[in-house]
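Student: I would like to go through the terms used for this model and see what backs each of them.
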Amino acid sequence: MSHGPNLSKFDEGRLMQVLVAPIVSEKATMVAEKSNAVTFKVLQDATKYEIKAAVELMFKVEVKGVSVVNTKGKTKRFGKSVGRRDNVRKAYVTLKPGQELNLGGEAA
C-alpha cells in the first residue's frame, strides 16, 4: 500500500497551475546544494500531494518529500499610501537520490 493519493486522482489541468514559479534565491540555492531540494512558489490552497504530483508530472523526476511554508505578506509604505505584499506559500520539494531537476535552460 502506498501513502497518499496517486497521480491519476488529480486533474491534470489543476496540476499544471499548482506550481506558480521556481524560487531562485541564495537560501533556495543553499538548500538545493545541501539536501537535493528545489523550491517553488505554489498556489495558496495547494496540498503536499498535489505539489508532489505536479513536480513528478512536469519534470519527470521522483519526489522523496514535500515541505510547505506559508509566509505572511509584509506591509510596505509608498509615501502616504500603505500597501501590502501578497502572502506566499513556498514548497521545498526534496528529490530522491540520483534525481536532478534543471530549472535553468543552460546546457550541462
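Student: Which residue follows H2, and what is the sign of its phi?

Tutor: Asn 36 follows H2, and its phi is positive, near 55°. This is a predicted model, in which local features need pLDDT of at least 70, side-chain atom pairs count only at pLDDT 80 or more, and totals for chains, interfaces and linings use all residues. Residues are numbered from 1 along each chain as its sequence is written, and side-chain values use heavy atoms, with hydrogens and water left out.

Student: Why is Thr 39 called buried?

Tutor: Buried means under 20% relative accessible area, exposed over 50%, partly exposed in between (1.4 Å probe, protein chains only). Thr 39 has 3% relative accessibility, so Thr 39 counts as buried. Thr 39 lies in strand E2 (residues 37-42); helices (H or I, at least four residues) and strands (E, at least two) are DSSP runs, numbered from the N terminus.

Student: What makes helix H2 hardly covered?

Tutor: Among the 10 residues of H2 (residues 26-35), the count of buried residues is 1.

Student: How do you know that E1 and E2 pair?

Tutor: Two strands pair if DSSP finds at least two bridges between them. E1 and E2 are joined by 3 bridges and run antiparallel, so the definition is met. Ala 21 has Lys 41 in E2 as its bridge partner.

Student: What is the strand order, and why do E1 and E3 stand at the edges?

Tutor: The open sheet has 4 strands in the order E1-E2-E6-E3, with antiparallel pairing. Strand E1 (19-22) and strand E3 (63-71) each have a single partner strand, so one side of each lacks a neighbour in the sheet.
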